[in-house]
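Please examine the structure shown here and work through the questions that accompany it.

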Amino acid sequence: MKLIASLLIAAALVAPVLSTAAQPPAPAAKADLAKGEATFTAICASCHGADGNSGSPANPKLAQQHPEYLVKQLQEYKSGKRANAIMSGMAAGLSEADMKNVAAWLATKEAKPNFAKEKDLVALGERIYRGGVAERQIAACAGCHSPTGAGIPSQYPRLSGQHADYTMAQLSAFREHANKGAGQNVGRGNNAQMSGVASKLNDREIKAVSDYIAGLR
């Protein structure tokens, strides 16, 4: 009887521990779209457009972008991992909740279509985007960003319809970082994969693929 009593007491003591351990993690708080819109309107809209469709070729379209990608970029602007004096200043005052709210709201906005302008470079841009450059070990953009430029949520950003000028600037910055001298913090250094790809592209190829991306839909 003493043995049975001891076992029952032990079971009673262990049961709550097991019960607690079996509890699923609390779900992440849902983004607040209303707060996201308010923050975006107050801080971001002047450069990126009221609905995330920037009218300036120098400023990226953010509408319909994957929220995970946007949050990552804002975090890296804030930390300094992605260098940009203007965006670092904008991101400095944003909390994690602010970033998630803004990104979630932008994901609900439809990206306006764009178009390619460089007729002489369309074939080259399409060849690089869809097939890469095998003899120079340049991977096809479509492999990560999808044939339509829609990207892959949580992994690769949407490119479809992005301003060609902005895409050119980013590819050039990735290349600049890849080719930087020792100890120099130049270009865009927050994605080793893209730095590796861009380092193998010349100016004409960057212009061609950026223009082609602008016309994807």
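The questions and answers below go from the overall fold to a helix, a loop residue and the empty spaces.

This is a predicted model, in which local features need pLDDT of at least 70 and side-chain atom pairs count only at pLDDT 80 or more, whereas totals for chains, interfaces and linings use all residues. Residues are numbered from 1 along each chain as its sequence is written, and side-chain values use heavy atoms, with hydrogens and water left out.

Q: How many helices and strands are there in the protein?
A: Helices (H or I, at least four residues) and strands (E, at least two) are DSSP runs, numbered from the N terminus. Along the sequence the pattern reads α-α-α-α-α-α-α-α-α-α-α. The count is therefore 11 helices and zero strands.

Q: Against which helices do the buried residues of H9 pack?
A: Helix H9 covers residues 164-178 and spans 21 Å between its first and last C-alpha, close to the 21 Å expected (1.5 Å times one less than its number of residues). Its buried residues (under 20% relative accessible area with a 1.4 Å probe, protein chains only) include Tyr166, Leu171 and Phe174. They pack, with contact meaning heavy atoms within 4.5 Å, against helix H10 (192-198) and helix H11 (203-214).

Q: Is Asn114 buried or exposed?
A: Asn114 lies in the loop between helix H6 (96-107) and helix H7 (122-131). Leaving aside neighbours within four places in sequence, Asn114 is in contact with residues including Lys61, His163 and Arg217. Its side chain reaches the backbone oxygen of Gly161 at 3.2 Å. Because its relative accessibility is 11%, Asn114 counts as buried.

Q: Which elements give two or more residues to the lining of the second largest pocket?
A: A pocket is an open set of points on a 1 Å grid over the protein atoms alone, with protein on both sides within 12 Å along at least five of seven lines, and lining residues have an atom within 4 Å of a point. The second largest pocket has a volume of about 230 Å³. Of its 13 lining residues, the closest to its centre are Lys117, His163, Ala164, Asp165 and Asp211. The elements that give two or more residues to this lining are H9 and H11.

Q: What is the volume of the largest cavity?
A: A cavity is a set of grid points where a 1.4 Å probe fits but cannot get out, and a search of the whole structure finds one of 30 Å³ or more. Among the residues that line the largest cavity are Lys61, Gly161 and Gln162. Its volume is about 70 Å³.

Methods: Buried < 20%, exposed > 50% of the residue type's maximum accessible area, 1.4 Å probe, protein only. Points joined across faces, edges and corners; volume = space filled by probe spheres on them. Polar contact = N/O pair within 3.5 Å; in protein donor to acceptor, adjacent residues only side chain to side chain.
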